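Hi,

Here is the structure I said I would pass on. Have a look at it first, and my notes on what turned up are underneath.

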Amino acid sequence: MRYSRQRELILRQVQSRCDHPTADDIYTAVRDECPSLSLGTVYRNLNGLVQQGDILRVTVPGKADRFDRDTHPHGHLCCRSCGRVLDVPVNADALESIWSQYKGAKVEEYALSLYGLCAGCAHEAG
């Protein structure tokens with residue numbers, strides 16, 4: 001991917017946030033700084049940044065994709081009440097012991113998503 005000011009703004013926006021923003025969130029945050037930016041351009045650049053490995057895509061069924069600045073192996077908890085997406089640490093050794101059961105298989109990447117309630121929503125629900 002060639003360098004562009006718009007791509008740099010989008011990447012900086014994702015990297016500055018820990019809330020796993022949507023493309024709409026990113027568009028809203030950077031459009032004042034770059035009024036000529038379109039939502040389509042945001043989507044294209046996010047897809048390119050994911051393909052390059054600069055950011056991660058977090059797929060939430062039935063909702064807009066979210067984007068994550070942390071490209072290290074980890075999982076996500078998607079809260080069904082408030083919609084927040086939180087990082088979840090993953091024990092790589094435990095996962096490897098699962099993978100090792102599949103003789104000859106080579107795991108190249110994984111996505112671990114948990115669905116339920118975040119601590120705040122679980123507390124409110126009692």
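**How confident the model is**

Confidence in the protein chain bottoms out in helix α4 (residues 92-99), with a mean of 86, and peaks in strand β2 (residues 66-68), at 98. Keep in mind that this is a predicted model. Over the protein chain the pLDDT averages 93, and 99% of the residues score at least 70.

**Helix α2**

Which residues of helix α2 (residues 23-30) are buried? They are Ala-23, Ile-26 and Val-30. Looking down the axis of α2, these buried residues fall within an arc of 65°, so they line one face of the helix. That fits the general rule: an α-helix has 3.6 residues a turn, so residues three or four places apart point the same way. The cover over the buried residues of α2 includes α1 (5-15), α3 (39-52) and β2.

**Pockets**

The largest pocket comes out at about 400 Å³. It has 19 lining residues, and the closest to its centre are Leu-56, His-74, Glu-109, Tyr-110 and Ala-111. Strand β1 (residues 56-58) contributes the most to this lining, with 3 residues. Sorted by class, the lining of the largest pocket holds 10 nonpolar, 6 polar and 3 charged residues.

The second largest pocket has a volume of about 160 Å³. Among the residues lining it are Cys-78, Cys-79, Arg-80 and Tyr-115. By class, its lining has 7 nonpolar, 1 polar and 3 charged residues.

Cheers

Methods. Residues numbered from 1 in each chain as written. Predicted model: local features only at pLDDT ≥ 70, side-chain atom pairs only at ≥ 80, totals over all residues. Heavy atoms only, no water. pLDDT = per-residue confidence, 0-100. Helix = DSSP H or I, 4+ residues; strand = E, 2+ residues; numbered from the N terminus. Buried < 20%, exposed > 50% of the residue type's maximum accessible area, 1.4 Å probe, protein only. Arc of directions from axis to C-beta. Contact = heavy atoms within 4.5 Å. 1 Å grid on protein atoms, 1.4 Å probe; cavity = no way out; pocket = protein on both sides within 12 Å on 5 of 7 lines; lining within 4 Å. Points joined across faces, edges and corners; volume = space filled by probe spheres on them. Nonpolar A, V, L, I, M, F, W, Y, C, P; charged D, E, K, R; others polar.
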